[in-house]
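User: I am new to this protein and would like to learn how to read its features. May we go through them one at a time?

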Amino acid sequence: MDFSLSTTEASAVATRPAIAPSDSDALWWRNAVIYQVYIRSFADGNGDGTGDLAGVRAHLPYLRELGVDAIWFTPWYASPLADGGYDVSDYRQIHPAFGGLADAEALIEEALALGIRTIIDVVPNHVSNEHPWFQEALAAAPGSPERKRFWFHPGAGPNGDEMPTRWVSNFSGDTWTRTTQPDGTPGEWYLHLFTPEQPDLNWDHPDVRREHEDILRFWFDRGVAGIRIDSAALLVKDAALPEVPENPRPGEHPNTDRDELHDIYRSWRELADSYPGARVLVGEIWLPDTKRFAMYLRPNELHTAFNFDFMARRWEAPALRQSIDATLAAHAPVHAPATWVLSNHDVTRPVTRYGREDSSFAFATKRFGIPTDLDLGTRRARAAALLTAALPGTLYIYQGDELGLPEVETLPREVLQDPMHFRSNGIDPGRDGCRVPLPWSGSVAPFGFSASATVTPWLPQPASWAALTVEAQEGDPTSMLWLYRNALRIRAALPSLVDSDLAWLDSSDEVLAFSRGDDFVNITNLSDVNIALPPGADVLLSSLPLDDGRLPPDSTAWLRTQQ
Ligand code: GLC
């Protein structure tokens with residue numbers, strides 16, 4: 001194997017085989033590289049300023065060259081887009097702005113022919129308020145079967161004008177909205193853990209279970225290889241609707257991590273396993289209790305779940321090491337692979353985050369106007385890209401991170417769309433800044449994002465992105481894009497990075513040094529001085545040029561050691 005960092009990088013790509021849908025490569029998901037496509041912002045094939053399936057199809061060769069094993073698409077279904085598509089009105093239709101069902105089928109097939117599997121996003125906690133079920137429920141009387149598929153409830157207080165519970169929304173604001181009766185008088189309330197446009201489904205209802213199993217079949221039948229399960233720990237509610245206790249015991253929280261969830265996922269797993277070719281379930285699970293988190297990953301439940309703990313940590317070696325250890329320790333007893341995630345469509349881009357004095361991530365501390373040093377952030381994001389790609393398990397890459405895009409913090413308020421911004425009364429900047437359309441080529445917006453050169457994309461791109469286009473980076477071997485391509489090429493070709501355990505090596509507290517197998521070493525330098533590399537090792541890749549053979553601060557080197 002030749003790991004030289006020459007400018008020819010197509011060899012690994014050329015040998016990647018196409019995957020037949022019936023492929024029995026049963027363990028593909030244990031170490032896959034999964035690229036998250038936020039469709040509205042990936043590429044616009046029809047020139048209307050919004051990304052679409054035609055745009056993705058046109059850029060599949062880009063993803064193949066990047067070296068990804070699968071694409072996870074954020075919701076692509078019919079939706080009023082009150083929450084960027086996480087408010088689904090019809091699971092069996094594609095949003096007309098993105099294309100049609102035939103485009104989705106063609107995309108799944110074309111991607112597979114390039115060796116790339118498709119993972120879709122299913123949002124079982126809630127539907128759109130325009131979903132026929134919710135419309136029927138609103139039209140029906142209190143106590144009717146139509147209402148039982150949701151959480152309709154009389155209000156509290158003498159006149160029923162208080163919310164049935166004081167549960168707090170993940171999006172700030174109330175979790176209940178009052179309905180209006182046909183005669184104009186106030187009626188029952190309905191529950192929505194997110195926006196009022198996203199009414200929560202009642203998972204105690206057999207229709208809800210049946211419908212979702214049917215949705216899974218609908219898409220598995222069309223060849224999708226996996227399902228990302230949105231808000232996977234929220235579906236089940238305590239029907240008695242108690243308030244949230246101050247320190248809930250495990251399983252006691254009325255709307256999060258209820259024990260009954262496991263039964264649902266066991267049935268989904270059975271369904272997924274009834275299809276050929278390892279169809280996988282990936283949970284979006286935000287839980288601080290790692291033991292409870294791992295329960296979802298028992299062998300007959302979900303295959304993997306996102307590990308947000310690592311992503312939320314400060315760029316400090318002890319914190320990251322502790323997160324890596326805790327993550328691997330939590331996964332070991334259930335034999336599930338860990339996942340490594342630097343960002344997604346909900347969180348601040350790493351280049352921006354890591355350039356801040358407080359480089360941790362929390363929704364509660366997202367604010368406008370926090371100073372950031374983008375050069376520092378970019379150096380650290382490069383180091384983090386190699387670090388995460390060297391860890392055992394599945395790697396997620398959010399579109400644009402491979403280009404080193406920063407969070408766009410200068411969007412005019414009038415273009416902002418995210419309900420997180422509006423529901424916080426404008427205090428939370430929202431998530432639009434990480435959802436700005438990708439720059440592909442050229443020197444002026446829309447930077448090749450759109451088939452039309454004159455269209456303004458649904459969120460405007462900053463002029464400074466001229467330097468970050470795919471085209472510009474392809475011509476620059478020091479670019480973030482080259483770093484990602486090289487890293488994924490090495491990761492795919494080196495057996496130690498596929499299935500070996502991690503072993504920490506002796507190092508200072510400010511360095512993350514570990515081996516995988518008997519021939520690979522990762523060294524990430526989070527100190528503020530250059531450090532020596534072990535003698536006799538070949539440098540496969542480094543996130544910054546070495547300085548007289550030494551590894552600079554905020555950089556990672558991958559080494560091949562003698563066997
Ligand atoms: C998940 C999604 C987020 C969405 C929310 C409600 O957290 O990642 O984008 O707003 O669920 O569906």
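User: In which loop is the place of His 335?

Analyst: This is a predicted model. His 335 sits in the loop between α10 (317-331) and β12 (339-341). Its backbone deserves attention, for His 335 has a positive phi of about 55° although it is not a glycine.

User: Which residues does a cis peptide bond join?

Analyst: The angle to read here is omega. Ala 445 and Pro 446 are joined by a cis peptide bond, with omega of about 10°. Pro 446 itself belongs to the loop between α13 and α14 (470-474).

User: Where is confidence lowest, and where is it highest?

Analyst: One begins with the overall score and then turns to the separate elements. The protein averages a pLDDT of 95, and 96% of the residues score at least 70. Helix α1 (residues 11-14) has the lowest confidence, with a mean of 35, while strand β1 (residues 33-37) has the highest, at 99. Over residues 1-15 the pLDDT is below 50, and this stretch has 23 contacts in the model beyond near neighbours in sequence.

User: Into which domains is the protein divided?

Analyst: Domain bounds are read as residue ranges, and a domain may hold two of them. Here domain 1 covers 28-126 + 206-480, and domain 2 covers 132-191. Taken over C-alpha atoms, the centres of domain 1 and domain 2 are 31 Å apart.

User: How many residues of each domain are in contact with the other?

Analyst: An interface may be described by its contacts and by the area it buries. In this model 19 residues of domain 1 touch 17 residues of domain 2. The two domains bury about 1500 Å² between them, and 63% of that area is on carbon and sulfur atoms. On the side of domain 1, the residues that lose the most area to domain 2 are Leu 241, Glu 243 and Arg 423, together 42% of what that side buries.

User: Which salt bridge is formed by Asp 207?

Analyst: For a salt bridge, one looks at the partners and the distance between their atoms. Asp 207 pairs with Arg 149, and the closest N and O atoms are 3.0 Å apart. Across the interface of domain 1 and domain 2, 1 salt bridge is found. Polar contacts between the two domains number 6 residue pairs. On the side of domain 1 that touches domain 2, α6 (206-221) and α13 (419-423) are the elements that give two or more residues. By class, that side has 9 nonpolar, 3 polar and 7 charged residues.

Definitions and conventions. Residues are numbered from 1 along each chain as its sequence is written. This is a predicted model: local features need pLDDT of at least 70, side-chain atom pairs count only at pLDDT 80 or more; totals for chains, interfaces and linings use all residues. Side-chain values use heavy atoms; hydrogens and water are left out. Domain bounds come from an automatic or database domain assignment. Contact means heavy atoms within 4.5 Å. Buried area is the accessible area (1.4 Å probe) that two parts lose on being put together, summed over both. A salt bridge is a side-chain nitrogen of Lys or Arg within 4 Å of a carboxyl oxygen of Asp or Glu. A polar contact is a pair of N or O atoms within 3.5 Å; within protein, one must be able to donate a hydrogen and the other to accept it, and residues adjacent in sequence count only if both atoms are side-chain atoms. Helices (H or I, at least four residues) and strands (E, at least two) are DSSP runs, numbered from the N terminus. Ala, Val, Leu, Ile, Met, Phe, Trp, Tyr, Cys and Pro count as nonpolar, Asp, Glu, Lys and Arg as charged, and the others, Gly among them, as polar. pLDDT is the predictor's confidence in each residue, from 0 to 100.
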